Amino acid sequence: MFNRVKTGALAALAMALATTSAFAAEKKLTIGVADALTGGGAVYGLPQANAVRMAADEINAAGGIKVGSDTYKIDVIAYDDKANPTEATNAVRKLIDRDGVKYILGFCCSGSTSAVASFIGNEKAVMLVGNAAERSITTKKIPNLVRTRPPADFTGQAAGTFIARKGQKRIAVIGALDVGFYAQYVDSVERELKKVGSEIIAREVFTLRDRDMTPQLTKIRALNPDAILVVGYVESAAFVYRQAVELGMNIPRYGFTSGSEEQFLRVTTSAQMEGVWDLRPTELDLLSASKNGIAYHANYTKRYNATPSPSSPYAYDQLYVLKAAIEVAGTVDDTVAVARAIRALAIPPQVVMQYLPVDGKMFDVNGQAYTTNGAFQWQKGKWVFVEDLPSDAKAYSQFLSTLN
Amino acid sequence: MLIEILQQTINGLAIGGVYVLIALGLTTVFGILGIAHFAHGSVSMFGGYLTFFLVTSQGLPLIAAIPIALVVGFLLGLLIEIVAYRPVRNANHINAFIVALGLTMMVEGINLQLFGHEQVVIPTGLSKVFRLGGITVPELRIYVIIAAIVLVAAMMLFVEKTKTGQAIRAVAENRDAAILMGVNVKSIPLIVFGISTSLGVAAGIMVGALFAIAPGIGEGFVVKGFAVLILGGLGSFPGAILGGTVLGITESIAAGFISSAYKDVIAFVVMILVLLIRPQGLLGRSP
């Protein structure tokens, strides 16, 4: 009799434990990352993917995402889109169709991002764009797409004002001008230069795979410019800076590249970089960074044994934005509600970049976030933050709203 | 204007030297064995990667890493001939063609696995710049041009003055006659692949030092190498030298005086124009 009671009690206890553990089971939320993990765009894409993984681990360690009484731990699947539109389309289709992913982050490069943006509006998914700077990504009013990086011409306007103030009259441009957002940046710079009577005297092109820019630089040198402006990926831009010195061009060099010290020093020497300006969004830089930025830099460096690229926090911030929005929306399944919540968010306290709110919100009506812009100069082996560049997010947001 | 032309010519000479070395390797293999060795560019880049690895990870000075890479290149050439091309030597030409394509993908994959996806630049420590009048020449480019001249001269001496070189030429001229004259034709393909790959490795080192090595870069160089081959004349060593130099300088001048956006196109247009006038290439023999 005693044994029968004991067995019954144990069975009841086991059942109770099983039921409790079923209710307390952690749920999993799978987040997709589509980014350039190899190839030319990997200098931006790989650090972005790393940043998302790091943010996921931080959020998981802090308890995960709370949705009502449920807690979700984040799992990250990252696919390489090689910064290629076809690969990006395939990667995102795989994430949505095969892996059942509803939230896709990353997107460093404009061509591949634009390809995905063209169909994401028809999907039950939310797309958070990082470093891709092509303006048209946020002019199409796609309700389930937002971007953490400001468009290139928003920064170009600020850069143009800065260069104009320096007093140089004849500027020669060399860059990846067949890439839309670089051309938009230069157009914005030119508009500001014209206001003070300065001009762009040459627009020389290199492709993303070019590494010998001496023919273009020789042509520019013959025009006797007061300064050069270099717009392009870090790997190509680094060669321009190096080869300009090798051709004896001792004039101010401005750029729009967002490369880290480590990335530039793989190609050039610090002496060849001395004095170069990078006029870009105020991305990660230890001299201008907030407490979050300093912690991000330290954690990333420790975890990956490499310094983070300045633009990598765009992706890190995406995950904190998503976490906040899911918690506000109270659902992980209703992507429409989450997308709506993202647009209504104030800037989450955990983000690294220094965002400029529009009407108190992180994203404007176009789904576009804005950061401050800054002038950075290479001084003795490091990018040094010198000053903020004038950046009117509200005015630009209104302008963006007028575009299709 | 004159200074600009001279500067563009000097700019083009360094890259022209790289084209010459790539084309010499290709023309040796094609002229003697009739194989379009598409993997040559990827193998060349392997040499550049290897040099980078020896210098940065093993701490070897560049001057020691280069001969090691050249020797490894030679051995790799032997291996490629034995494993990849020898089995299809007597088969239809399409077999060797497919092997060449497969080998290209394989070597690219090996490069990616061994050395990663990031671009690498071989550190040389050569950053001096020489100025003469209005012309500037970086120290590194001077060394690259000199190295290319020395290698080309050594190759020409080898082919013209040594018994093995004469045997290679004999096989290229008439394989059957060479057999009748007692030439060991079995060893010739081995030597040809060894030398060709070593030249390619030298070109890879130059690309890695001047510019950068990254996945896919080799393919671009092999396309240029074949263009030089056709421009100079198939199987002609002097043609490869002239063709590579002409292509390098044309690219540079086209980018400087016409448009940098079309420099590759313009270089190929020049090639087509030359072929319209001389279908056998600049120094090729009429059929």
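**Exercises on chains A and B**

Lys82(A) lies in the loop that joins β3 (70–80) to α3 (85–98) of chain A. The model treated in these exercises is predicted.

**Exercise 1. Two lysines in loops**

Determine which sign phi takes at Lys82(A), and whether Lys82(A) counts as buried, partly exposed or exposed.

*Solution.* Step 1: the phi angle of Lys82(A) is near 55°, hence positive, in a residue other than glycine. Step 2: the relative accessibility of Lys82(A) is 42%. Step 3: the class "partly exposed" lies between under 20% and over 50%, so Lys82(A), at 42%, counts as partly exposed.

Carry out the analysis for Lys141(A), stating the loop in which it is found.

*Solution.* Step 1: Lys141(A) belongs to the loop between β5 (126–129) and β6 (145–147) of chain A. Step 2: its phi is near 55°, again a positive value in a residue other than glycine. Step 3: Lys141(A) has 38% relative accessibility and therefore counts as partly exposed.

**Exercise 2. The surroundings of Ile163(A)**

Locate Ile163(A) in the secondary structure, classify its accessibility and list the residues it touches beyond four places in sequence.

*Solution.* Step 1: Ile163(A) is part of helix α5 (residues 152–166) of chain A. Step 2: its relative accessibility is 0%, and because buried means under 20%, Ile163(A) counts as buried. Step 3: leaving aside residues up to four places away in sequence, Ile163(A) touches Gln168(A), Ile171(A), Val189(A), Leu193(A), Leu229(A), Tyr254(A) and Leu279(A). Step 4: Val358(A) is 195 residues from Ile163(A) in sequence, with a C-alpha to C-alpha distance of 26 Å.

**Exercise 3. The interface of chain B and chain A**

Describe the extent of the interface, its salt bridge and the composition of the side of chain B that touches chain A.

*Solution.* Step 1: contacts link 32 residues of chain B with 29 residues of chain A. Step 2: about 2,300 Å² is buried between the chains, with carbon and sulfur atoms giving 49% of this area. Step 3: the rule finds one salt bridge across the interface; Arg141(B) pairs with Asp212(A), their closest N and O atoms being 3.1 Å apart. This pair satisfies the salt-bridge criterion because the distance of 3.1 Å is within 4 Å. Step 4: 11 residue pairs, both residues at pLDDT 80 or more, are in polar contact across the interface. Step 5: elements giving two or more residues to the side of chain B include α1 (2–33), α5 (139–161) and α8 (187–210) of chain B. Of the elements, α1(B) gives the most, with six residues. Step 6: by class, this side of chain B has 15 nonpolar, 12 polar and five charged residues.

Methods. Residues are numbered from 1 along each chain as its sequence is written. Chains are lettered from A and ligands numbered from 1 in the order in which they are written. This is a predicted model: local features need pLDDT of at least 70, side-chain atom pairs count only at pLDDT 80 or more; totals for chains, interfaces and linings use all residues. Side-chain values use heavy atoms; hydrogens and water are left out. Contact means heavy atoms within 4.5 Å. Buried area is the accessible area (1.4 Å probe) that two parts lose on being put together, summed over both. A salt bridge is a side-chain nitrogen of Lys or Arg within 4 Å of a carboxyl oxygen of Asp or Glu. A polar contact is a pair of N or O atoms within 3.5 Å; within protein, one must be able to donate a hydrogen and the other to accept it, and residues adjacent in sequence count only if both atoms are side-chain atoms. Helices (H or I, at least four residues) and strands (E, at least two) are DSSP runs, numbered from the N terminus. Ala, Val, Leu, Ile, Met, Phe, Trp, Tyr, Cys and Pro count as nonpolar, Asp, Glu, Lys and Arg as charged, and the others, Gly among them, as polar. Buried means under 20% relative accessible area, exposed over 50%, partly exposed in between (1.4 Å probe, protein chains only).
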